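Student: I have a structure to look at and would like to know how its labels are earned. Can we go through them one at a time?

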Amino acid sequence: MPSPEFDVIFARTPEERRAVQALRYDVFVTELGGDGPMIDHVNGLEKDQFDPFNMYLMLLDRTRGDDISQQLVGAYRLMDQSGATRAGGFYSAKEFDLTPLTSVPIKLLELGRSCLHIEYRGGTAMYHLWSALARYVFEQRIDILFGVASFQGTDSKQLEAPLRLLHDRHLAPEDLRPIAQDPSIVPLDQQGGQIDRKSAMTQIPALIKAYLRLGGYIGQGAYLDHAFNTTDVCLVLDVAQISEKQRKLYLMKRT
């Protein structure tokens, strides 16, 4: 198998958007068992009512043929405030009260539906997506990045330790703290017994850990998304808090 030749572009055409939805179907529906009212099982497309109002970063491996649907190996969905206004709100508002973010004059960008083809996980693919995202964020002078990130499953007992760890160490400041809507769970306080922090860290998905390394926070509580069989936290990242070292890392051109 040849070494990947990565390229990141924004989706421009309906066909490219459908390719993103097809990749999402493979990951979120076929692989993880998700479902929803607008998912197109006949054509293998994972979509929802927010899709028409978003932008899409597409990670391509140019060695996979001439067709973009073949080349597509990763994607990110981005919604700015203009898109949210046209959509009637941000996707995350279905699960979290975003008032602390939306009630002040700051420039927001919602991130979601991050996914990679199964053959490209654990390598540099996500780095290339994040580098392109970083360039866009700094060019557009975004103040706050936010969005939901998921634990697989909705067993609150099983997820108590990692959720408590996140709330103990990474809870967002009150003025930036989304609050989970019902159905939700809130981790027990310290009186619920000590947790094995090392074990709890192993349960936290890699995407959440990556945001935390950049200085990100989580909102209060976690939303139970039974349709997608996930437990969702709301991640919040103040772009001004990203270290100079991290800025240089993700803005560096890598071939």
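Tutor: Start with rings: those of Phe, Tyr and Trp count as a pair if their centres lie within 6.5 Å, and the pair is edge-to-face if the planes are over 60 degrees apart. By this rule there are six aromatic pairs. The model is a predicted one.

Student: What makes the pair of Phe6 and Tyr120 edge-to-face?

Tutor: The centres of Phe6 and Tyr120 are 6.1 Å apart and their planes stand at 70°. The cut-offs are within 6.5 Å for a pair and over 60 degrees for edge-to-face, so both conditions are met.

Student: Which parts of the chain does the pair of Phe6 and Tyr120 tie together?

Tutor: Phe6 belongs to strand E1 (residues 6-10), while Tyr120 sits in the loop between strand E5 (108-116) and helix H5 (125-139). The two parts tied together are therefore 114 residues apart in sequence.

Student: Are Phe6 and Tyr120 buried or exposed, or partly exposed?

Tutor: Buried means under 20% relative accessible area, exposed means over 50%, and partly exposed lies in between. Phe6 has 22%, so Phe6 is partly exposed. Tyr120 has 6%, so Tyr120 is buried.

Student: How do you know that Phe90 and Phe146 form an edge-to-face pair?

Tutor: For Phe90 and Phe146 the distance is 5.0 Å centre to centre and the angle between the planes is 85°. The distance is within 6.5 Å and the angle is over 60 degrees, so the name applies. This pair also links distant parts of the chain: Phe90 is in the loop between helix H3 (81-87) and strand E4 (96-97), and Phe146 is in strand E6 (residues 144-152), 56 residues apart. Phe90 is buried at 7%, and Phe146 is buried at 3%.

Student: Why is Leu60 called buried?

Tutor: Leu60 has a relative accessible area of 0%, and the limit is under 20%, so Leu60 is buried. Leu60 lies in strand E2. Beyond four places in sequence, Leu60 touches several residues, including Phe6, Ile9, Ile68 and Leu72.

Student: Why is Asp51 called buried, although it is a charged residue?

Tutor: The label rests on accessible area: Asp51 has 4%, which is under 20%, so Asp51 is buried. Asp51 is placed in the loop between helix H1 (14-31) and strand E2 (55-61). Setting aside residues up to four places away in sequence, Asp51 touches Arg17, Gln21, Arg24, Glu46, Tyr56 and Arg77.

Student: What label does Arg17 get?

Tutor: Arg17 is at 27%, between 20% and 50%, so Arg17 counts as partly exposed. Arg17 is found in helix H1. Among its contacts beyond four places in sequence are Ala11, Asp51 and Tyr56.

Student: What makes Arg77 lie over the face of Tyr91?

Tutor: Arg77 is at 5.4 Å from the ring centre of Tyr91. The distance limit is within 6 Å, so that condition is met; the rule also asks for a position within 35 degrees of the ring normal.

Student: Tyr91 also lines a pocket. What is known about that pocket?

Tutor: This is the second largest pocket, with a volume of about 210 Å³. Its lining has 17 residues, and Gly36, Pro37, Tyr91, Lys94 and Phe228 lie nearest its centre. By class, the lining has seven nonpolar, two polar and eight charged residues.

Student: What makes an empty space a cavity rather than a pocket?

Tutor: In a cavity a 1.4 Å probe fits but cannot get out, whereas a pocket is open. One cavity of 30 Å³ or more is counted. The largest cavity has a volume of about 150 Å³. Of its 13 lining residues, Trp130, Ala134, Leu145, Leu214 and Ile242 lie nearest the centre. H5 gives the most to this lining, with five residues. The lining has eleven nonpolar, one polar and one charged residues.

Student: Why is the peptide bond between Asp182 and Pro183 called cis?

Tutor: Its omega is about 0°, and the bond is cis. Pro183 is in the loop between strand E7 (179-180) and strand E8 (184-185). Most peptide bonds are trans.

Technical notes:
Residues are numbered from 1 along each chain as its sequence is written. This is a predicted model: local features need pLDDT of at least 70, side-chain atom pairs count only at pLDDT 80 or more; totals for chains, interfaces and linings use all residues. Side-chain values use heavy atoms; hydrogens and water are left out. Helices (H or I, at least four residues) and strands (E, at least two) are DSSP runs, numbered from the N terminus. Buried means under 20% relative accessible area, exposed over 50%, partly exposed in between (1.4 Å probe, protein chains only). Contact means heavy atoms within 4.5 Å. Rings of Phe, Tyr and Trp (its six-membered ring) pair if their centres lie within 6.5 Å; planes under 30 degrees apart count as stacked, over 60 as edge-to-face and the rest as tilted. On a 1 Å grid over the protein atoms alone, a cavity is a set of points where a 1.4 Å probe fits but cannot get out, and a pocket is an open set with protein on both sides within 12 Å along at least five of seven lines; lining residues have an atom within 4 Å of a point. Grid points are joined across faces, edges and corners, and a volume is the space filled by probe spheres set on the points. Ala, Val, Leu, Ile, Met, Phe, Trp, Tyr, Cys and Pro count as nonpolar, Asp, Glu, Lys and Arg as charged, and the others, Gly among them, as polar.
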